[in-house]
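User: I should like to learn how to read helix packing, salt bridges and surface patches in a structural model. Could you take me through these features in turn?

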Amino acid sequence: MAKFPVPSEFVLLTTFSYVIGAIPFAAVVSKFKKVDLTKVGSGNYGATNVYRAMGLPYALLVFFLDAAKAGLMTYFATLLFESPIIHLVIAFSAILGHTFSLFLGFKGGKGVACAAGVFAVLTPIPFAITMAITLTIIFTTRMVSVGSMVGAILLPLLVYYFKFP
């Protein structure tokens, strides 16, 4: 049986994507402000808990950094490889790194901001529409969970509607 050759660029970028994804920006920002996120709110390392503990400006910073790390790795994947499956594997590796960070004892955030960064790169039009609606819901209801759930349902429908792969 012939073995499928795995390009070294794929293995390297997938590994690098996990490590970059594992950078815990919520922990870095909270440490800078001397706040222990494990003892505040939900105890999670994510933008929502940063919002609870330190306010909107810090939450937006963490959200942007978490989205950017996964989005950049996904963007690099699109430059190096043609296959959308490979793009998703590398993107998922960044999200996995965020969720199970080697820097936090394999704990981390929920991956919502990282997923946002991935979808911003792979499906920009559906993502922009979804983000606008999600943010409207969050600011109207003041419940991030409701906005996230609506976004999780809406995005695949828009991806299908706009015929993204």
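Analyst: The dialogue below takes up helix packing, then salt bridges, then a surface patch. Please bear in mind that this is a predicted model.

User: At what angle do the axes of helix H4 and H5 cross?

Analyst: Angles over 145 degrees count as roughly antiparallel. Here the axes of helix H4 (residues 56-80) and H5 cross at roughly 155° and come within 8 Å. H4 is therefore roughly antiparallel to H5. The crossing in which H4 passes H5 is right-handed.

User: How are helix H3 and H4 arranged, parallel or antiparallel?

Analyst: The reasoning again begins with the angle. Helix H3 (residues 47-54) packs with H4 at an angle of about 160°, and their axes are 7 Å apart. Because of that angle, H3 and H4 are roughly antiparallel to each other. Their crossing is right-handed.

User: How many salt bridges does a search of the whole structure find?

Analyst: The general criterion is a side-chain nitrogen of Lys or Arg within 4 Å of a carboxyl oxygen of Asp or Glu. In this structure the search finds two salt bridges. One joins the side chains of Lys39 and Asp36, at 3.5 Å from N to O. The other joins Asp66 and Lys69, at 3.3 Å from N to O.

User: Where do Asp66 and Lys69 lie?

Analyst: Both residues belong to helix H4, where they are three residues apart, about one turn of the helix.

User: Are Asp66 and Lys69 buried or exposed?

Analyst: Buried means under 20% relative accessible area, and exposed means over 50%. Asp66 has a relative accessibility of 2%, so it counts as buried. Lys69, at 4% relative accessibility, also counts as buried.

User: How should the accessibility of Lys39 and Asp36 be read?

Analyst: Lys39 counts as exposed because its relative accessibility is 69%. Asp36, with a relative accessible area of 35%, is partly exposed.

User: Which residues make the nonpolar surface patch?

Analyst: A patch of this kind joins nonpolar side chains within 5 Å, taken from residues with over 30% relative accessible area. In this case Val19, Phe92, Leu96, Phe100, Leu102, Phe103 and Phe106 make a patch of about 650 Å².

User: Where is Phe103 placed, and what is its relative accessible area?

Analyst: Phe103 is in the loop between helix H5 (84-99) and helix H6 (112-122). Its relative accessible area is 46%, so Phe103 is partly exposed.

Notes: Residues numbered from 1 in each chain as written. Predicted model: local features only at pLDDT ≥ 70, side-chain atom pairs only at ≥ 80, totals over all residues. Heavy atoms only, no water. Patch = residues over 30% accessible without salt bridge, like charges linked within 9 Å, V, L, I, M, F, W, Y side chains within 5 Å. Areas by Shrake-Rupley, 256 points an atom, 1.4 Å probe, with all protein chains shown as cover. Helix = DSSP H or I, 4+ residues; strand = E, 2+ residues; numbered from the N terminus. Buried < 20%, exposed > 50% of the residue type's maximum accessible area, 1.4 Å probe, protein only. Axes fitted to C-alpha atoms, helices over the stretch in contact; angles between N-to-C directions. Parallel < 35°, antiparallel > 145°, perpendicular 65-115°, else oblique. Left-handed = near helix turned anticlockwise from the far one by under 90°.
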